Amino acid sequence: MYYYELIPPYKLTKNKPLEYTHFDEFLKCYKDRKIMANSYLVSLEELKNRNYDLSAKNPNIKEEKSLREVEEILEELKQNQEKAKELFAGILKTIR
């Protein structure tokens, strides 16, 4: 089974639908079933092992979750607290 993950250059909406040009790379690759970053093959044996689940999960794309450093999070919290303090002081000043 040949899979191709189409990644349009913008978020698709009712007013910004898929365009034929989005399929240019796919159409070039499909004839020879080229394996690229957005395409991959799944063997029949693998499909059997997955109980014929045809869900597409591109193995070429590794999900990287980058965790922020503790210091960065604490600094952001400090800035948010200072901003909240300023806003709260402004509200108190307005109602008094």
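## Ser-39, His-22 and a nonpolar patch

A polar atom of the Ser-39 side chain sits 2.8 Å from the backbone nitrogen of Met-36; a polar contact here is a pair of N or O atoms within 3.5 Å, where within protein one must be able to donate a hydrogen and the other to accept it, and residues adjacent in sequence count only if both atoms are side-chain atoms. This is a predicted model, where local features need pLDDT of at least 70 and side-chain atom pairs count only at pLDDT 80 or more, while totals for chains, interfaces and linings use all residues. Residues are numbered from 1 along each chain as its sequence is written, and side-chain values use heavy atoms, with hydrogens and water left out.

Here are the side-chain to backbone pairs.

| Side chain | Backbone atom | Distance |
|---|---|---|
| Ser-39 | Met-36 nitrogen | 2.8 Å |
| Ser-39 | Lys-34 oxygen | 2.8 Å |
| His-22 | Glu-19 nitrogen | 2.8 Å |

Ser-39 belongs to strand β2 (residues 39-41), strands being DSSP runs of E with at least two residues and helices runs of H or I with at least four, numbered from the N terminus. With a relative accessible area of 0%, Ser-39 is buried (under 20%; exposed is over 50%, partly exposed in between, using a 1.4 Å probe and protein chains only).

His-22, in the loop between β1 (2-4) and α1 (24-30), also counts as buried, at 12% relative accessibility. Its C-alpha is 7.6 Å from that of Leu-6, though the two are 16 residues apart in sequence.

Over in helix α3 (residues 70-95) we find Leu-77, which counts as partly exposed because its relative accessibility is 46%.
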